[in-house]
Amino acid sequence: MGFIEQLRARWQASNSLVCVGLDPDPAKFPPMFAGRDDAIFEFCRDIVDATAEFACAFKPQIAYFAAFGAEDALRRLIAHIHDAHPGIPVILDAKRGDIGSTASMYAIEAFDRFGADAVTLNPYMGHDSAQPFLDRAGKGCVFLCHTSNPGAGDFQDLDFGGTPLYQHVAETIAADWNAHGNCALVVGATYPEELKAIRGIVGDMPLLIPGIGAQGGDVEATVRNGKSADGSGLMVNSSRGILYASNGGDYTIAAGWAAQTLRDEINRHR
Ligand SMILES: O=c1ccn([C@@H]2O[C@H](COP(=O)(O)O)[C@@H](O)[C@H]2O)c(=O)[nH]1
C-alpha cells in the first residue's frame with residue numbers, strides 16, 4: 001500500500017487527523033533521561049508508544065537527530081514505529097531539494113536508509129529536483145506550499161500575474177507533478193485564509209499542517225478551512241505541545257493526553 005492509501009486507511013482506523021511531531025531536544029527531556037546514552041531513541045519511543053492510538057502519522061524532524069549525531073536513533077525509531085504500530089505512516093521532515101543527481105541520493109537517504117513513508121520537500125528548484133522522489137510512486141512527496149513561520153510571505157506571497165506564488169506552487173504540483181498520486185502539501189495553520197485558498201485549488205490532496213499550539217495556529221479555523229469534502233484531508237501536526245506536555249515522570253501520560261485532546265478538538269470541527 002502506498003503512502004496516500006496508507007494515510008487514508010489510518011484516518012479511518014484511528015478517527016484522528018493528528019500528526020505527532022518528533023523533535024527531540026535533550027535539554028527539554030525529563031530529568032531521568034540525564035546521562036543516558038540512548039536518551040533520544042528512548043524518549044521518542046516512549047512518546048510514540050503513548051500517542052500511537054491517537055495518531056494518523058508521525059513526523060520526525062531530521063535536524064533534531066542530526067544535530068546530536070543521532071541518525072541511527074532516527075533509523076531505529078522509524079523501524080520501531082513500523083514494527084510496533086504497523087499502518088501508521090512516517091513522514092521524515094527534511095525539506096530536501098537539490099539538482100537531480102543529489103536529489104536521488106536524498107531519496108535513498110529518506111526512503112531506504114531511514115525507512116520513511118514520505119518526506120518533506122522544497123519545490124523551489126523545480127520539477128527535475130523533485131523527480132527522484134516523485135518516481136518512488138509508493139512514497140509520499142510533501143511539498144512546502146505556504147509555511148507556518150512569520151517570514152513565510154516574503155517570497156511565497158509575491159504576486160505573479162495576479163496570483164501569489166504559493167498558489168502557483170499548489171496548482172503546478174496538483175496539475176503536473178502528481179502523476180503517481182503521491183503528492184501532499186505543507187500549509188501552516190498560522191495562515192487560515194491561505195489554507196482555504198489552497199484547499200480550493202488541490203481538491204482532496206492531503207495537507208500537512210504545522211503551526212498548531214506553540215506557534216499559535218487555531219484548530220477550529222484550520223479544520224474549517226482545510227478539511228476535504230469528506231471531513232478528512234489533514235495531518236495536523238503538533239510537536240512541542242505533545243512531546244513536552246510534562247517534563248516530569250508522567251511525561252508519557254501527559255503526551256497521550258495532549259494527543260487525545262487535540263484529536264477530540266479537531267473532531268469537534270470536522
Ligand atoms: O512550515 C513549516 C514546516 C515545518 N514545520 C515543522 O513542524 C514542526 C512544528 O513544531 P511545533 O513544536 O508543533 O511548533 C517542526 O518540526 C518544524 O520544523 C513548521 O513548523 N512549519
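## Helix packing, a ligand shell and two unusual residues

The axes of helix H8 and helix H9 (residues 192-202) approach within 9 Å and cross at roughly 25°. H8 and H9 are therefore roughly parallel to each other (angles under 35 degrees count as roughly parallel, over 145 as roughly antiparallel, 65 to 115 as roughly perpendicular, and the rest as oblique). Their crossing is right-handed. On the H8 side, the contact uses Tyr166, Gln167, Ala170, Glu171 and Ala174; on the H9 side, Glu194, Ala197, Ile198, Ile201 and Val202. These contact residues divide into seven nonpolar, one polar and two charged.

This is a predicted model: local features need pLDDT of at least 70, side-chain atom pairs count only at pLDDT 80 or more, and totals for chains, interfaces and linings use all residues. Residues are numbered from 1 along each chain as its sequence is written.

Some terms need their cut-offs. Helices (H or I, at least four residues) and strands (E, at least two) are DSSP runs, numbered from the N terminus. Axes are lines fitted to C-alpha atoms, for helices over the stretch in contact, and angles run from 0 to 180 degrees between N-to-C directions. Residues are in contact if their C-beta atoms, placed from the backbone, lie within 7 Å. A crossing is right-handed if the near helix is turned clockwise from the far one by less than a right angle, and left-handed if anticlockwise.

A second helix pair is H2 (residues 39-51) and H4 (residues 71-84), with axes that come within 10 Å and cross at roughly 25°. That makes H2 roughly parallel to H4. The crossing of H2 and H4 is right-handed. H2 brings Ile40, Phe41, Cys44, Arg45, Val48 and Asp49 to the contact, and H4 brings Ala73, Arg76, Leu77, His80, Ile81 and Ala84. By class, the contact of H2 with H4 has eight nonpolar, one polar and three charged residues (Ala, Val, Leu, Ile, Met, Phe, Trp, Tyr, Cys and Pro count as nonpolar, Asp, Glu, Lys and Arg as charged, and the others, Gly among them, as polar).

In helix H6 (residues 127-134), Ser129, Ala130, Pro132, Phe133 and Leu134 are buried (20 or more other C-beta atoms within 10 Å; 12 or fewer is exposed, and in between is partly exposed; C-beta atoms are placed from the backbone). Their cover includes helix H5 (100-113), strand E4 (118-121), strand E5 (140-146) and helix H8 (165-177).

Phe155 lies in helix H7 (residues 153-156). With 11 C-beta neighbours inside 10 Å, Phe155 counts as exposed. Its C-alpha atom is 8.5 Å from that of Tyr166, 11 residues apart along the chain.

Most residues other than glycine have a negative phi. Two non-glycine residues with a positive phi are listed here.

| Residue | Phi | Location | Other C-beta atoms within 10 Å |
|---|---|---|---|
| Asn15 | about 50° | loop between helix H1 (3-14) and strand E1 (18-22) | 14, partly exposed |
| Lys95 | about 50° | strand E3 (residues 91-96) | 17, partly exposed |

The ligand comes last. Of the 19 residues around the ligand, Thr147, Ser148, Pro210, Ser239 and Arg240 come nearest (a residue is near a molecule or strand if its C-beta atom, placed from the backbone, lies within 6 Å of it). The shell has three nonpolar, 13 polar and three charged residues. Strand E10 (234-238) and helix H11 (240-243) each supply at least two residues of this shell.

Notes. Contact = placed C-beta atoms within 7 Å.
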